[in-house]
Amino acid sequence: MRPFQDLPIRRKLLLMTLVVSTTAVLMAEVGFVGYDVVRTRAEIVRDMAAQARIIAENSAAPLTFRDEGAAGETLAVLELRPQVSMACLFTVENHLMATYHRQAGMQCPAAPPSASRFGWDVFEAVVPVTLDGQRRGSLYIQRDLGDLYERLQVALLSAVALMIIAGAASLLMAARIGRLVSSPLLKLADTARAISSTRDYSLRATVGSADEIGEVVTSFNHMLDRIAERERERIAALERERDANRVKDEFLATLSHELRTPLNAVLGWARLLRARPVQPELRARALDTIERNALAQARLIEDLLDVSRIVTGKLRLHVRPVDLAAVVDAAVDVVRPAAAAKQLRLDVEIPHRPAMTSGDSDRLQQIIWNIVSNAVRFTPAGGTVHVRLERRDGYVLTVRDSGPGIDATFLPHLFEPFRQADPSPTREHGGLGLGLAIAKQLTELHGGTISVHSAGPGTGSTFQVVLPSNIPVTEPAARPVEAQDDTNSVHAPAARLDGLRLLVVDDELDARLLLETALTDLGADVQMASTAAEALAAIERCTPDVVVSDIGMPGEDGYSLIRKLRQRPSATGGAVPAIALSAYASDRDRSAAIDAGYQAHVPKPFDAAELAAVVAQLGGRSKS
Amino acid sequence: MRLGLLLLLAALAPLPAQEVPLEYRVKAAFLYNFARFVEWPAAMASGPLTLCLASHNPFGDALDDTLSGERIGGREVVARVITGPTSACHLLFVPQDVSAAPYLRDRQAPTLTVGESDGFIASGGMVNFVREGTNVRFEIDATAAERAGLRISSRLLRLARRPNRS
């Protein structure tokens, strides 16, 4: 389509220089030869005119006296002019009087031409022969133009020779220049090809010169730098992603395992208890195991929710003045049984009491519990765990153990969620690997820092939490009545509910039965409703002291129920205290329930004592 | 062929006097043309150019025909018959049947003497018609002409046959 454009640059250069040089030579030759021809013609005309004039002059007398011999001799002078092929002398009457010819067989024209003229191969000169101004005849001289053509031929040949020489010279030059131009480009192309086939972005083209081509090569190398950088980034990102995926996969496997383990105990013991009569001692242990495992599972779910809140930025602190020393005591008390079971020495050292600051006491306790329980879990039997709270700038909590320590390679990942030093199924220690991540986030929410030191495996590890002495209060101290999250309270004696009329609303029969049993046991008079409509009707008939309602129900949910109830006058139960009892357990769910009109929110799975305390409080039976 | 040429010449030329032989018509033209190749001394450089015929006119009308209206170097050319030597002639033709001696006596006279007899040059004449076959040619004694103060053009001399001096 475009034959010239698609030629290699070397060919283009060759062709261009060839065309230019030969054209130049050709034009010069044409000009030169043309000028030469014109000049030679003029010279021939001049020369022959002069020659003819001389001959004519000398022919005047022979013509006058009709002396053919003398006339012939006059013409014979032309022998000295090799180009003159023929001469003819005519009388005034145009009779041929004398002739001269170089070669035999040439014929004079019958009459002299009227004027000199150039033919293709001869020049014919015609001059009058006069004597004293009187015309005596005419002289005709024919000049052969062979020499002119010979000259032309020589000029042409030399032109061709020149063109060949110029062409050859320009070819040589173009080849040289072409190599200068194209070989770096070809090398560049080779490098590019090598890179695209081997994907080795460390290859670089060599910069041969500082001209435009050198610039191209340099910018190509710059581009390669950028590509190599990108490639490294891409690979790093890919590895990070793969790593994250692996961590997530491991986490899911761990999660599944961790959720199944307590279920195994719960289900196993529950089936055993139903299958055969058991001794009271074993029964108590079985129930204890079931409860412990169910609590462990609840804690796992709580941790997951915490992580979810942290990730989505929805975790809020309920900041109040708090005594850190008491919080540490409470947290350590929770793990004390576990430490005792492993025969660990668990020391707590708090030089100054109270250690007043502000913060979310539940979350602070969670932080400390996480770190201490971690230490207890990982320290082998007979070891020590030392907890110390001291006041410096702020408060510094140090938890030191005599455990196996932490591998230096894992240290940087210690506080990342879903990370475990040993993710394999054969690992010694259970857990989701969320505790420390949550502890770190909670510490940072309090404006503090958490750090860990370990000299390596076998040397134990030291966790340090630094909290500022004064954490800004972000929420009013007064809060709606809440259930106590504290697992400590599990074994506290439940409040009595004797004489209180309660209405329990739940669509699930199991939940209703459990509630009925638990609350009736505490002395309450419990009525049941399975839908919101049923509940509204029951309240209208006879207003209870407290309503305990599920939130998620088919058809009409707990929110709708409370809104309808709150629109009623107090005579028909519009002001009856209500508790939302729901598995929707997040802060947001709690706020939604309170906003809808409930006085309190208790998350499922509920602790009977905890629920009883809230019911008692709302029903006017609170101790306080 | 040359005769043929002459015949052709004669045929083409106006022929008022058919009785004049071809030879004399040629000689008349030659006579006249000689004047073109000769320079006379200053004394003879003006006035009409006079062509004298000794004793009689052998050319008939041919000479007059040749000369009529012709000028040489701007000068009129006239012909006349003389009966004795005179110095007023530029050119003097002595016919064959006339004795040349009396006309050649004065060697100094600036007159180109033209004859047509064998001894004409030997007896002191300058130009003598001779016959070469059918062609009319002439001999010239340039020395005699020089002696008389005449200068004959080399172009004319080149055409002259060698005078037979022996």
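Tutor: Welcome! Let's start with the labels: helices (H or I, at least four residues) and strands (E, at least two) are DSSP runs, numbered from the N terminus. With those labels, Gln343(A) can be placed in the loop between helix H6 (324-341) and E7 of chain A. Please keep in mind that this is a predicted model.

Student: Thanks! What is the phi of Gln343(A)?

Tutor: First the general idea: most residues other than glycine have a negative phi, and most peptide bonds are trans. Gln343(A) has a positive phi, near 55°, although it is a residue other than glycine. Asp132(A) is another non-glycine residue with a positive phi, in this case near 50°. Asp132(A) sits in the loop between strand E4 (122-131) and E5 of chain A.

Student: Is Gln343(A) buried or exposed?

Tutor: The cut-offs help here: buried means under 20% relative accessible area and exposed means over 50%, with partly exposed in between. Gln343(A) counts as exposed because its relative accessibility is 64%.

Student: You mentioned peptide bonds. Which residues does a cis peptide bond join?

Tutor: Look at Arg353(A) and Pro354(A), which are joined by a cis peptide bond with omega of about -10°. Pro354(A) belongs to the loop between strand E7 (345-349) and strand E8 (356-359) of chain A.

Student: Now for buried residues. Why does Ala98(A) count as buried?

Tutor: Ala98(A) counts as buried because its relative accessibility is 5%, and buried means under 20%. You can find Ala98(A) in strand E2 (residues 96-101) of chain A. Beyond its neighbours within four places in sequence, Ala98(A) contacts Glu68(A), Ala71(A), Gly72(A), Leu75(A), Ala87(A), Cys88(A) and Leu89(A). Take Ala87(A): the C-alpha atoms of Ala87(A) and Ala98(A) are 8.3 Å apart, with their positions 11 residues apart in sequence.

Student: And which residues does Asn293(A) touch?

Tutor: Not counting residues up to four places away in sequence, Asn293(A) touches Pro262(A), Ala265(A) and Val266(A). Asn293(A) is part of helix H5 (residues 280-312) of chain A, and at 15% relative accessibility it counts as buried.

Student: Let's go to the surface. Which residues make a nonpolar surface patch?

Tutor: Phe4(A), Leu15(A), Met16(A) and Val19(A) make one of about 340 Å². Met16(A) lies in helix H1 (residues 9-64) of chain A. With a relative accessible area of 43%, Met16(A) is partly exposed.

Student: How do I read the interface? How many residues does the contact take from chain A and from chain B?

Tutor: Chain A gives 20 residues and chain B gives 20 residues. About 1800 Å² is buried between chain A and chain B, and carbon and sulfur atoms give 54% of that area. Phe65(A), Arg66(A) and Glu68(A) supply 35% of the area that chain A buries against chain B, more than any other three residues.

Student: How many salt bridges are there between chain A and chain B?

Tutor: There are four salt bridges between chain A and chain B. Glu68(A), already met as a contact of Ala98(A), forms a salt bridge with Arg137(B), with the closest N and O atoms 3.7 Å apart. Across this interface, eight residue pairs are in polar contact.

Student: Which elements of chain A each supply at least two residues of the side that touches chain B?

Tutor: They are H1, helix H2 (68-76) and strand E5 (134-144). H1(A) gives the largest share of that side, six residues.

Notes
Residues numbered from 1 in each chain as written. Chains lettered and ligands numbered in written order. Predicted model: local features only at pLDDT ≥ 70, side-chain atom pairs only at ≥ 80, totals over all residues. Heavy atoms only, no water. Patch = residues over 30% accessible without salt bridge, like charges linked within 9 Å, V, L, I, M, F, W, Y side chains within 5 Å. Areas by Shrake-Rupley, 256 points an atom, 1.4 Å probe, with all protein chains shown as cover. Salt bridge = Lys/Arg side-chain N within 4 Å of Asp/Glu carboxyl O. Buried < 20%, exposed > 50% of the residue type's maximum accessible area, 1.4 Å probe, protein only. Contact = heavy atoms within 4.5 Å. Buried area = accessible area lost by both parts, 1.4 Å probe. Polar contact = N/O pair within 3.5 Å; in protein donor to acceptor, adjacent residues only side chain to side chain.
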